[in-house]
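Student: I would like a close look at a single part of this model, the nonpolar patch on its surface. Please start there and then connect that part to the rest of the chain.

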Amino acid sequence: MSLSLARTLNLGRVARTPAVWGKRYIAQETVGKLSAQAVVEQTWASAHAKNPAFAVERELPLPRSRKREVGIFLAVAVVTWGFGSVIAFNYQRMTSTPVTAALFTARHNEDVCRELGRQLNFTSAFPWISGDISHLKGFVDAEFDVVGDKGIVGHLVLKSRRTGKQNGEWHTIEFYVSMPDGRKLNCNV
């Protein structure tokens, strides 16, 4: 027990005598006939479980299983990550060069402008772009809905392949806007 603790307990005058315990020196504080160490031992002895000042006698509650909470958290996390990944990949396809170039070309095609209207754009702010786009592997298969001034919805299809290696030429296989009545408006340049 330290000198400051003895003063806090108002034990009066304290004499310090070092005592050897193992390889440490412990200051043994003595107050009259009762040492501070004895006061601490007496306090610890009275702090047993039967003393109502220190303990409440009741059964301890069983620990709750958190399996359900963890399961719900993991399910929500997986769904959130999955949904975010799908949105991110679709946004990447939407802003890719082939999709924006196809939309630009369709906007300036006379047949498409005559049928759908001049202001050709995606049907919504975040349209779903179907298909795959891989510049590295050399193929583009993109399909998405477009709408013009007249309010008619068309379906734009772009299929293109690259011949040769990285710097090969791209060849358009299919590039058209299909109308609701089944007609296909060719957009090849």
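Tutor: V70, F73 and L74 together make a nonpolar surface patch of about 310 Å². The model is predicted. Of the three patch residues, V70 can be placed as follows: V70 lies in helix α3, which covers residues 67-94. V70 counts as partly exposed because its relative accessibility is 44%, in the range between buried (under 20%) and exposed (over 50%).

As background to the patch, the accessible surface of the protein chain comes to about 14,200 Å², and 59% of this belongs to carbon and sulfur atoms. Of the 189 residues in the chain, 25% count as buried.

The confidence of the model should be set beside these values. Mean pLDDT for the protein chain is 79, with 70% of the residues at 70 or more. Over residues 5-31, pLDDT stays under 50, and the model has 43 contacts beyond four places in sequence for that stretch. Where pLDDT is low, the predicted coordinates should not be read in detail.

Now the overall layout. The secondary structure of the protein chain comes to 5 helices and 9 strands. Read from the N terminus, the elements run α-β-β-β-α-α-α-α-β-β-β-β-β-β. Among contacts between residues at least 6 apart in sequence, 39% join residues at least 24 apart.

Next come the strands with pairing details. Strand β5 (residues 130-134) is joined to β6 by 5 bridges, and the two run antiparallel. Within this pair, S130 stands opposite E143 in β6. β5 and β6 form a hairpin with 4 residues between them, and G138 in the turn has a positive phi of about 90°.

Strand β7 (residues 153-162) and strand β8 (residues 170-178) also run antiparallel, joined by 8 bridges. K159 has E174 in β8 as its bridge partner. β8 in turn pairs with strand β9 (residues 184-186) in the antiparallel sense, over 3 bridges. V177 has L185 in β9 as its bridge partner. The hairpin of β8 and β9 has 5 residues between the strands, and G182 there takes a positive phi near 100°.

One residue of β8 can be followed through its contacts. W170 is found in strand β8. W170 counts as partly exposed because its relative accessible area is 36%. Leaving aside neighbours within four places in sequence, W170 is in contact with S134, H135, G138, F139, V140, S160, R161 and R162. G138 in this list is the turn residue with the positive phi in the hairpin of β5 and β6. The C-alpha atoms of W170 and S160 are separated by 6.6 Å, and these residues are 10 apart along the chain.

R161, another contact of W170, leads to the charged pairs. Side chains of opposite charge can pair when their charged atoms come close. A search of the whole structure finds 8 salt bridges. One of them joins D141 and R161, with the closest N and O atoms 3.1 Å apart. This pair links distant parts of the chain, with D141 in strand β6 (residues 139-147) and R161 in strand β7, 20 residues apart. R161 is partly exposed, with a relative accessible area of 32%. Elsewhere, R64, R66 and E69 are joined into one network by salt bridges that share partners.

A further salt bridge brings together the side chains of E115 and R183, at 2.8 Å from N to O. E115 lies in helix α5 (residues 110-116) and R183 in the loop between β8 and β9, so the pair ties together parts that are 68 residues apart in sequence. E115 counts as partly exposed, at 22% relative accessibility, and R183 also counts as partly exposed, at 37%.

The last pair described here is R118 and E110, whose side chains meet in a salt bridge at 3.6 Å, N to O. Relative accessibility is 49% for R118, which counts as partly exposed. E110 counts as partly exposed too, at 48%.

Technical notes. Residues numbered from 1 in each chain as written. Predicted model: local features only at pLDDT ≥ 70, side-chain atom pairs only at ≥ 80, totals over all residues. Heavy atoms only, no water. Patch = residues over 30% accessible without salt bridge, like charges linked within 9 Å, V, L, I, M, F, W, Y side chains within 5 Å. Areas by Shrake-Rupley, 256 points an atom, 1.4 Å probe, with all protein chains shown as cover. Salt bridge = Lys/Arg side-chain N within 4 Å of Asp/Glu carboxyl O. Buried < 20%, exposed > 50% of the residue type's maximum accessible area, 1.4 Å probe, protein only. Pairing = 2+ DSSP bridges. pLDDT = per-residue confidence, 0-100. Contact = heavy atoms within 4.5 Å.
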